[in-house]
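User: Please take a close look at one helix-helix contact in this model. I would like to know how the two helices are arranged and what kinds of residues meet there.

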Amino acid sequence: MNERPTARPAAAERPDPAGYPEIHRPLRPRMDGKPAQTLVFLHGGNVANWMWDPQVKAFPAYQIFTPHLPGFGARAEEDWSGLDSAADDVAAFIAEEVEDGRVHLVGQSLGGVVGLRVLARHPELFASALFTGAGIRPVGAGTRLSTAAQLRFGDAEWFWKVQAGAFGIPANSRRLYSEHGLTLRPENMKAMLEEVQAGGLPDGLGEYTERLMMVAGAREPALVRKGFADVAAIREDTVFRLAPGLHHQWSVEDPLFFNAMVRAWIERGEVHPRLERVPGLQHEV
């Protein structure tokens, strides 16, 4: 593991694709006087931990971890060694930094896929979990064609600009998205994408017994929400919801809504009222 920077960036600073801190200490005490809780955000597959800057700024009373996954951001030169290895890497980071109490885990896309494995392999670390855009089922030919294009054109800036538009990345984040995309090693992306796109859930997920919510953007590929049924077969008390009108990367597309959803879930175990139910998966909170 790299030495982990601890400072929070100033509000006026623009995040660096490789230099965004992984550890963000609380900026103010909790209103109830209790010790700060820890909130862990796991980033997606074509981005790095800088994607969570709107969330870091929204939770000043929390200790926040935004780890770089192997092969991304400040760790772009490291080899991707598999989902289970990435999950163990995250768990080791948390165990090293948190002495008492369990943490809250949030993951988007690849971060959600890794997060499911962290829950399965290290369930004792977590008080709640929330994942959005996590692919669970094997992808189809269209997605594999898109993957082939990424592996072929990933060294071209125009490709990442097109991708940013397709994923609904806001204009003020597209430069970072493109700059980071150009740092990704093709061999890492090939190995990671093949593993993620094969689908499947980790053994042991049922050992995690605390709160779990799975969310999909209503305008992202339907395959994401179809995978919810596979999780429900293992954990009947999982909550499933759709974010209306939003795309895959909706943590930056609508950060105010996203942050409010996270706060309701981790602080009160409640589902934000703007989230929509998924037909056929109607578990009550």
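Analyst: What follows describes one helix pair and then its setting in the chain.

This is a predicted model, in which local features need pLDDT of at least 70 and side-chain atom pairs count only at pLDDT 80 or more, while totals for chains, interfaces and linings use all residues. Residues are numbered from 1 along each chain as its sequence is written, and side-chain values use heavy atoms, with hydrogens and water left out.

Helix H2 spans residues 83-97 and helix H3 residues 110-121; their axes lie 8 Å apart at an angle of about 70°. Axes are lines fitted to C-alpha atoms, for helices over the stretch in contact, and angles run from 0 to 180 degrees between N-to-C directions. H2 is therefore roughly perpendicular to H3 (65 to 115 degrees). From H2, the contact (heavy atoms within 4.5 Å) draws on Leu 83, Asp 84, Ala 86, Ala 87, Asp 88, Val 90 and Ala 91. H3 contributes Leu 110, Val 113, Val 114, Arg 117, Val 118 and Arg 121. Nine of these residues are nonpolar, four are charged and none is polar (Ala, Val, Leu, Ile, Met, Phe, Trp, Tyr, Cys and Pro count as nonpolar, Asp, Glu, Lys and Arg as charged, and the others, Gly among them, as polar).

The protein chain as a whole has 11 helices and eight strands (DSSP runs, H or I of at least four residues for helices and E of at least two for strands, numbered from the N terminus). Of its 285 residues, 54% count as buried (under 20% relative accessible area, 1.4 Å probe, protein chains only). The average pLDDT, the predictor's confidence in each residue from 0 to 100, is 86 for the protein chain.

Note on methods:
Angles under 35 degrees count as roughly parallel, over 145 as roughly antiparallel, 65 to 115 as roughly perpendicular and the rest as oblique. Buried means under 20% relative accessible area, exposed over 50%, partly exposed in between (1.4 Å probe, protein chains only).
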